[in-house]
Amino acid sequence: MQVEIKIDTNYEEPKVTITTNKMTDEVSELVRKISEHTPSVLVGFKNDNASILDCGKVIRFYSANQKVYAVTEDTEYTIRLRLYELEQRLNSAEFVRISNSEIINLKEIKGFDLSFSGTICVQFQNNSVSYVSRRYVTKIKQILGM
């Protein structure tokens with residue numbers, strides 16, 4: 001796929017034009033990604049205070065005790081969305097689901113420990129760890145090109 005960007009001061013807002021000889025899955029996916037406008041901020045709650053969270057600074061989202069939490073470098077917030085709703089709103093190039101109860105930020109990963117049989121241990125930049133459930137191991141390996 002070729003990408004061309006033209007800077008023209010006559011345009012007040014960006015315009016995207018796709019030129020192709022036929023409609024393919026790749027073109028359809030590109031149109032879908034360009035068309036969807038998902039906010040990159042979320043509201044997190046802690047001690048009855050609401051805070052705007054930058055999704056890029058969230059290390060992971062997880063569910064426990066029928067609540068959803070967002071973990072950042074310095075604190076943990078309650079989110080008033082379900083994990084499946086978060087998964088739809090988050091950028092799929094940055095966030096990936098690793099179990100039925102957890103979504104992680106790929107940019108916050110330090111490394112992977114593959115020595116566990118049947119699962120993958122994820123090591124984050126802040127030295128915390130999570131585990132990919134067996135159900136999601138194939139998906140994670142595919143995303144990482146392993």
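The following exercises, each with a worked solution, concern a predicted model.

**Exercise 1. Salt bridges**

Determine how many salt bridges the model holds, and examine the pair formed by Glu102 and Arg60.

Solution.
Step 1. Side chains of opposite charge can pair when their charged atoms come close.
Step 2. The criterion is a side-chain nitrogen of Lys or Arg within 4 Å of a carboxyl oxygen of Asp or Glu. By this rule there are four salt bridges.
Step 3. One of them joins the side chains of Glu102 and Arg60, with an N to O distance of 2.8 Å. Glu102 belongs to strand β7 (residues 102–105) and Arg60 to strand β3 (residues 58–64); the pair thus links distant parts of the chain, 42 residues apart.
Step 4. Glu102 has a relative accessible area of 8%, so this residue is buried.

**Exercise 2. Buried or exposed?**

For the salt bridges Arg97 with Glu87 and Glu94 with Lys107, locate each residue and classify its accessibility.

Solution.
Step 1. In the salt bridge between Arg97 and Glu87, the closest N and O atoms are 3.0 Å apart. Because Arg97 lies in strand β6 (residues 95–99) and Glu87 in helix α2 (residues 83–89), the pair ties together parts that are 10 residues apart in sequence.
Step 2. Buried means under 20% relative accessible area, and exposed means over 50%. Arg97, at 11%, is therefore buried, while Glu87, at 34%, is partly exposed.
Step 3. The side chains of Glu94 and Lys107 meet at 3.6 Å, N to O. Glu94 is in the loop between α2 and β6, and Lys107 is in the loop between β7 and β8 (109–113), so this pair ties together parts that are 13 residues apart in sequence.
Step 4. Glu94 is buried, at 19%, whereas Lys107 is exposed, at 58%.

**Exercise 3. Nonpolar cores**

Identify the residues that touch the most other members of the largest nonpolar core, and list the contacts of Leu86.

Solution.
Step 1. In soluble globular proteins, nonpolar side chains tend to be buried together.
Step 2. The largest nonpolar core has 15 residues, and Phe61, Ile79, Leu86, Leu90 and Ile103 touch the most other members. At least two residues of this core come from each of β3, β4 (67–72), β5 (76–79) and α2.
Step 3. Leaving aside residues up to four places away in sequence, Leu86 touches Leu42, Phe61, Val68, Ile79, Leu81 and Ile103.
Step 4. A second, separate core has 12 residues, among them Ile59, Val122, Val137 and Ile140.

**Exercise 4. The largest pocket**

Describe the volume and lining of the largest pocket.

Solution.
Step 1. The space in the largest pocket is about 820 Å³.
Step 2. Its lining comprises 21 residues, with Glu4, Ile5, Val16, Thr17 and Ile18 nearest the centre.
Step 3. This lining divides into 10 nonpolar, five polar and six charged residues.

Notes. Residues numbered from 1 in each chain as written. Predicted model: local features only at pLDDT ≥ 70, side-chain atom pairs only at ≥ 80, totals over all residues. Heavy atoms only, no water. Helix = DSSP H or I, 4+ residues; strand = E, 2+ residues; numbered from the N terminus. Buried < 20%, exposed > 50% of the residue type's maximum accessible area, 1.4 Å probe, protein only. 1 Å grid on protein atoms, 1.4 Å probe; cavity = no way out; pocket = protein on both sides within 12 Å on 5 of 7 lines; lining within 4 Å. Points joined across faces, edges and corners; volume = space filled by probe spheres on them. Nonpolar A, V, L, I, M, F, W, Y, C, P; charged D, E, K, R; others polar. Core = buried A, V, L, I, M, F, W, Y, C linked by side-chain atoms within 4.5 Å. Contact = heavy atoms within 4.5 Å.
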